[in-house]
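Biologist: I am new to this structure and would like to know what lies behind the words used for it. Please take me through the reasons one at a time.

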Amino acid sequence: MNKLLVITLMLCAGQLIAQEEPKMEVNELINKWHKAASEADFDTYFGILAEDGVFIGTDASENWQNDDFRAFSKPYFDRGKAWSFTTIERNIYMNESGNFAWFDELLDTRMEICRGSGVLQKEDGKWRIKHYVLSITIPNEDVDVVSAIKKEKDSLFILNKKLR
């Protein structure tokens, strides 16, 4: 009976370890991506973003497809200073097949605390970021103040979108 229990526990532990390995890979890749931005390593940064990857920035106008995001970002990387995000916490989730992962993270940035979230896909044996969203966090008690500050620009943005 004891042998059966030990074998069962070993199999369960093996499965847990096998599930954690892809999460560790994804975690290391996201860390590498953020590090590449802080070191202005353009090739590494955009090598991690999928060819059809999307980056959603903090401004309402920032829905960057890969090529446009490259063009926007290149001058910052060329100056040797892109942006620096330090992870405070991160949660990673995987599908059962192990070829899709999604995550959320809290980041320390020049904009104070931000939230990032993203989706990765394993392509040709390599993880790539397919979609990333960066948001500025706002304490609930400050939402009315922030909303008032951005009301005019948001109204103009909406009007401009409707006119198109």
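**Reasons behind the labels**

Modeller: Glu-105 and Arg-90 are joined by a salt bridge, with 2.8 Å between their closest N and O atoms. Bear in mind that this is a predicted model.

Biologist: What makes the contact of Glu-105 with Arg-90 a salt bridge?

Modeller: The cut-off is a Lys or Arg side-chain nitrogen within 4 Å of a carboxyl oxygen of Asp or Glu. The closest N and O atoms of Glu-105 and Arg-90 are 2.8 Å apart, so the pair meets the definition.

Biologist: Why is this pair said to tie together parts of the chain?

Modeller: Because Glu-105 lies in strand 4 and Arg-90 in strand 3 (residues 86–94), the bridge links parts that are 15 residues apart in sequence.

Biologist: How do you know whether Glu-105 is buried or exposed?

Modeller: Buried means under 20% relative accessible area. Glu-105 has 1%, so Glu-105 counts as buried. Arg-90 has 15%, so Arg-90 is buried as well.

Biologist: Which residues are joined into one network by salt bridges that share partners?

Modeller: The network consists of Asp-52, Glu-123 and Lys-130. The whole structure has seven salt bridges.

Biologist: What makes Asp-78 and Lys-74 a salt bridge, and how are they placed in helix 3?

Modeller: Their side chains meet at 2.7 Å, N to O, and the limit is 4 Å, so the contact qualifies. They are four residues apart in helix 3, which means a separation of about one helical turn.

Biologist: Why do Asp-78 and Lys-74 get separate labels for accessibility?

Modeller: Exposed means over 50%, and partly exposed covers the range between 20% and 50%. Asp-78 is at 52% and so counts as exposed. Lys-74 is at 34%, hence partly exposed.

Biologist: How do you know that Glu-39 and Lys-35 form a salt bridge?

Modeller: Their closest N and O atoms are 3.5 Å apart, and that is within 4 Å, so the bridge counts. Glu-39 is partly exposed at 48% relative accessibility, and Lys-35 is partly exposed at 48%.

Biologist: What is the span of helix 3, and what is expected?

Modeller: Helix 3 (residues 66–78) has 13 residues and reaches 17 Å from first C-alpha to last, close to the expected 18 Å. Helix 3 also bends by about 35 degrees at Phe-72, and Pro-75 follows within four residues. Its buried residues include Asn-66, Phe-69, Ser-73 and Phe-77. After helix 3 comes Gly-80, with a positive phi near 85 degrees.

Biologist: Why is the pair of Trp-64 and Phe-72 called stacked?

Modeller: By the rule for aromatic rings, the count comes to 20 pairs. Trp-64 and Phe-72 form one with 4.6 Å centre to centre and 25 degrees between the planes. Centres must lie within 6.5 Å, and planes under 30 degrees apart count as stacked, so the label fits. Trp-64 is buried at 18%, whereas Phe-72 is partly exposed at 30%.

Biologist: What makes Trp-102 eligible for a surface patch?

Modeller: A patch residue needs over 30% relative accessible area and no salt bridge. Trp-102 has 40%, so the accessibility condition is met. Trp-102 is found in strand 4 (residues 100–109). Together with Tyr-93, Phe-100 and Val-119, Trp-102 forms a nonpolar patch of about 340 Å² accessible area.

Conventions:
Residues numbered from 1 in each chain as written. Predicted model: local features only at pLDDT ≥ 70, side-chain atom pairs only at ≥ 80, totals over all residues. Heavy atoms only, no water. Patch = residues over 30% accessible without salt bridge, like charges linked within 9 Å, V, L, I, M, F, W, Y side chains within 5 Å. Areas by Shrake-Rupley, 256 points an atom, 1.4 Å probe, with all protein chains shown as cover. Helix = DSSP H or I, 4+ residues; strand = E, 2+ residues; numbered from the N terminus. Buried < 20%, exposed > 50% of the residue type's maximum accessible area, 1.4 Å probe, protein only. Expected span 1.5 Å × (residues − 1). Bend = angle between axes of the 7 residues up to and from the residue. Phe/Tyr/Trp six-rings, centres within 6.5 Å; stacked < 30°, edge-to-face > 60°.
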